[in-house]
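Biologist: Please take one part of this chain and go through it closely. I would like the helix geometry, the burial and the contacts in one connected account.

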Amino acid sequence: MSEEFTVDAPDARIHGVDTPGAEPPVLFLNGGFATRRSWRHVLARLGGTHRTVTFDARGRGRSGTPADWSLRAMIDDVDRVIEARGLDLPILVGWSHGATIAVCCAAEYPDLVGGLVLVDGAYPVSVLDEQGGRRVRERFLRPGPVTRVRAFLGGSARVPPREAAEVVIGTDEVNGGLQADLAALRCPTASVVGRGEHSGATNAQAHAIRAAAASAAARNDQLTLFGTTSSAHGRVLTRDAGLVASAIADVARRSIRRPDR
């Protein structure tokens, strides 16, 4: 039976759900403005074959509103959840922003992570120049009423507009420096590469994203391009849930386990 849990960070309480199943455990990391509910189609495809843990990142869903919205704080929250739930070498499955978080966690805590599944994210390339950053800030400073209502109902992030813009810009900046981290990964990693529409990306930038994914895979035998999807970025977890579940199964077969397991 699934168990709801909370984990206390210094400035927020993190809410999640832990569902029993076989090892290795699978920990899901959401997109930048998504909640744990975005994984429901993937979880259904897994059909209880693994222990799964989902949680709302700080300021999203049912988790508390923090003072610190930084990428650093979110990486630390993943470490807190792993420790609090006693997850032994979990597979981190990240979509979009969550994929970036997953790679950062594996790079910083290589002995805690058993494998990675990167879903249309963590591409080692930055696509925002100074003008692009300004456009992002302008877009988030003009949120519409639908966004505010969804956030109030818990259906999306409660991230303030300025901080939301910095999430996008900061993630893009970190992505631009991921080449070394991807090359140094020691755990089995599968990448689901999106060939569909990326909001705000030009055709040339989309091509650069895909080329960067191929280059990263060529530099590390642990990283495989498991599959591609033509779905738009925001629809991958619904339309291609089966592909994501298959990537998880592939990494689970190859994942790092303790000698005594």
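Modeller: The model is a predicted one, and I will centre the account on helix 2, residues 71-84. For the setting, the secondary structure of the chain consists of 10 helices and 8 strands. The chain has 261 residues, and 51% of them count as buried. Among contacts with a separation of 6 or more, 77% are between residues 24 or more positions apart.

Helix 2 has 14 residues, and at 1.5 Å a residue these should span 20 Å; the C-alpha atoms at its ends are 20 Å apart, so the expected and the modelled span agree. Its buried residues are L71, A73, M74, I75, D77, V78, V81 and I82. As background to such a list, an α-helix has 3.6 residues a turn, so residues three or four places apart point the same way.

D77 of helix 2 deserves a separate look. Its relative accessible area is 2%, under the 20% cut-off, so D77 counts as buried. Apart from neighbours within four places in sequence, D77 contacts A9, I14 and R58.

I75, also buried in helix 2, takes part in a contact with helix 3. The partner is E108, a residue of helix 3, which touches both R72 and I75 when residues up to four places away in sequence are not counted. E108 and I75 are 33 residues apart along the chain, and their C-alpha atoms are separated by 9.2 Å. The relative accessibility of E108 is 37%, which lies between the 20% and 50% cut-offs, so E108 counts as partly exposed.

After helix 2 comes G86, with a positive phi near 60°. Further on, L89 sits in the loop between helix 2 and strand 5 (91-95). L89 is not a glycine, yet its phi is positive, at about 45°. Most residues other than glycine have a negative phi, and most peptide bonds are trans. L89 has 4% relative accessibility and therefore counts as buried.

Two other backbone features can be set beside L89. A122, in the loop between strand 6 (115-119) and helix 4 (130-140), is a residue other than glycine with a positive phi, near 60°. With a relative accessible area of 5%, A122 is buried. The other feature is a cis peptide bond from E23 to P24, with omega near 0°. P24 belongs to the loop between strand 2 (12-19) and strand 3 (26-29).

Helix 3, the element that holds E108, also packs against helix 6. Two packed helices are described by the angle between their axes and the distance between the axes. For helix 3 (residues 97-108) and helix 6 (residues 161-175), the angle is about 45° and the axes are 10 Å apart. That angle makes helix 3 oblique to helix 6. Their crossing is left-handed. On the helix 3 side the contact involves H97, T100 and C104, which meet V167, T171, V174 and N175 of helix 6. By type, the residues of this contact comprise 3 nonpolar, 4 polar and no charged.

Key: Residues are numbered from 1 along each chain as its sequence is written. This is a predicted model: local features need pLDDT of at least 70, side-chain atom pairs count only at pLDDT 80 or more; totals for chains, interfaces and linings use all residues. Side-chain values use heavy atoms; hydrogens and water are left out. Helices (H or I, at least four residues) and strands (E, at least two) are DSSP runs, numbered from the N terminus. The expected span of a helix is 1.5 Å times one less than its number of residues. Buried means under 20% relative accessible area, exposed over 50%, partly exposed in between (1.4 Å probe, protein chains only). Axes are lines fitted to C-alpha atoms, for helices over the stretch in contact, and angles run from 0 to 180 degrees between N-to-C directions. Angles under 35 degrees count as roughly parallel, over 145 as roughly antiparallel, 65 to 115 as roughly perpendicular and the rest as oblique. A crossing is left-handed if the near helix is turned anticlockwise from the far one by less than a right angle, and right-handed if clockwise. Contact means heavy atoms within 4.5 Å. Ala, Val, Leu, Ile, Met, Phe, Trp, Tyr, Cys and Pro count as nonpolar, Asp, Glu, Lys and Arg as charged, and the others, Gly among them, as polar.
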